[in-house]
Amino acid sequence: MLVVSFVRHGESLDNLRSVWAGHADAELSELGMRQAAALGESYATTRLTAIITSDLKRAHSTAKALFDGQPDPKPTFTVTREVREQLFGDGEGRPWLMSRIPNKSLKDHFKDEQYPILFNRDERFPNGESLNDVAARADRAIRNLVLKPHLSKAALSGAEDVHIAVVSHGLCISELIPALLKWNHGGASAKDYRGLMNTAWTRVTVQAKPGADVGDLPEDLDNLPPLVITVTDVNRHEHIDNVKRTKGIIHYDPKQRGIREFFGGGGVKKPVDALEHAESNAMDEVEVEESK
């Protein structure tokens, strides 16, 4: 069986600010470093074949902690731009707006250096990427970095377990998982995989459909046997449940009681203590419904 665990990076310094943080290369916060260490410890008995990570510091440092926690022989370690977060272009480091100003065009928002949440997948900030652009990167990453190198005959036949960890970012992971599920025989349901907490992981298994002839796998992946691809775990974060913020390390508003207040009342998937789990990109952490 091929197992792919998608891991979000630990809390970064930019996660502590209400700004668009995509390719901006912020390091892990003090809490983020301890989250990453806890992740590595929690995976110490889960043998990984390979680790694939974004080259951005917050993901790379998280992946390194995961790598350091692995027993010998260590997994391979691949660093790539393909699993970077969405690029927000001129919006990078700028405060994000939960909604657009009424009767004001998106172009005029950008002209005034205002960067509201974009609800259409083809919209982008100037010099940035759309979600469709991120999806195209995710498709390439799944094909070239996950399936081609690691989908072996032994794994599909059940004779061998191959476990890959992909350390990336919230919005990118929300495109990577569907990109892998596209290979499922019979298609996959449309589901939103946004909302991962820092260092939380979501796991997907890939195996041949029972009774399928595995044969010799084609290098181009165009004639694979029917695959059964299953999401087995979503947003697992028990390893950081006892990792608390150290008082005095950073300034953080103690009046923030949760994500709902932090994001101005937007609907959330689960209540989370914002004092312990600071959030980054608005649409990464919270489901926001477009105003009618």
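Contact here means heavy atoms within 4.5 Å. The model is predicted.

**Exercise 1. The core around Leu2**

Task: Find which residues Leu2 touches, leaving out residues up to four places away in sequence. Then place Leu2 in the largest nonpolar core.

Solution.
1. List the contacts. Leu2 touches Val146, Leu147, His150, Leu151, Ala155, Val162, Ile164, Val204, Thr205 and Val206.
2. Go to the core. It holds 35 residues, and Leu2, Phe6, Val166, Leu176 and Leu180 touch the most other members.
3. Assign elements. Those giving two or more residues to this core are S1, S2, helix H4 (131-150), helix H5 (153-157), S6, helix H6 (170-181), S7 and S8.
4. Pick the main contributor. H6 gives the most, with seven residues.
5. Check for a second core. Another one, of twelve residues, lies apart from it; among its members are Leu39, Tyr43, Leu48 and Trp201.

**Exercise 2. The sheet**

Task: In what order do the six strands of the open sheet lie, and which are the edge strands?

Solution.
1. Read across the sheet. The order is S3-S2-S6-S1-S7-S8, with mixed pairing.
2. Mark the edges. Strand S3 (76-80) and strand S8 (227-236) each pair on one side only.
3. Add the twist. From one strand to the next it averages 15°.
4. Place the helix. Helix H2 (residues 57-68) packs on the sheet and touches strand S1 (2-8), strand S2 (50-54), S3 and strand S6 (162-168). The direction of H2 makes about 165° with that of S2.

**Exercise 3. Strand S7 and its partners**

Task: Work out how S7 pairs with S8 and with S1. Is S7 mostly covered or uncovered?

Solution.
1. Take S8. Strand S7 (residues 201-208) pairs with S8 in the antiparallel sense over seven bridges.
2. Find the register on that side. Thr205 stands opposite Thr230 in S8, and Arg203 stands opposite Asp233 in S8.
3. Take S1. S1 and S7 also run antiparallel, over six bridges. Here Val4 stands opposite Val204 in S7.
4. Test burial. Seven of the eight residues of S7 are buried, and the strand is mostly covered.

**Exercise 4. Packing of H1 on H2**

Task: Describe how helix H1 (residues 30-42) and H2 cross, and sort the contact residues by type.

Solution.
1. Choose the descriptors. Two packed helices are described by the angle between their axes and the distance between the axes.
2. Insert the values. The axes of H1 and H2 come within 7 Å and cross at roughly 35°.
3. Give the hand. The crossing is right-handed.
4. Name the residues. H1 supplies Ala36, Ala37, Leu39 and Gly40, while H2 supplies Thr62, Ala65 and Leu66.
5. Sort them. Five are nonpolar, two are polar and none is charged.

**Exercise 5. Two side chains, two settings**

Task: Which of the words buried, partly exposed or exposed fits Glu175, and which fits Arg124?

Solution.
1. Locate both. Glu175 lies in helix H6. Arg124 lies in the loop between strand S5 (115-116) and H4.
2. Apply the cut-offs. Buried means under 20% relative accessible area, exposed over 50%, partly exposed in between.
3. Classify Glu175. Its relative accessible area is 10%, so Glu175 is buried.
4. Classify Arg124. Its relative accessible area is 36%, so Arg124 is partly exposed.
5. List neighbours beyond four places in sequence. Glu175 is in contact with Arg121, Leu131, Val134, Ala135 and Ala138. Arg124 is in contact with Phe110, Leu118, Glu129, Ser130 and Asp133.
6. Add a distance. Arg124 and Gly89 are 35 residues apart in sequence, yet 8.3 Å apart in space, C-alpha to C-alpha.

Methods:
Residues numbered from 1 in each chain as written. Predicted model: local features only at pLDDT ≥ 70, side-chain atom pairs only at ≥ 80, totals over all residues. Heavy atoms only, no water. Pairing = 2+ DSSP bridges. Helix = DSSP H or I, 4+ residues; strand = E, 2+ residues; numbered from the N terminus. Axes fitted to C-alpha atoms, helices over the stretch in contact; angles between N-to-C directions. Core = buried A, V, L, I, M, F, W, Y, C linked by side-chain atoms within 4.5 Å. Buried < 20%, exposed > 50% of the residue type's maximum accessible area, 1.4 Å probe, protein only. Left-handed = near helix turned anticlockwise from the far one by under 90°. Nonpolar A, V, L, I, M, F, W, Y, C, P; charged D, E, K, R; others polar.
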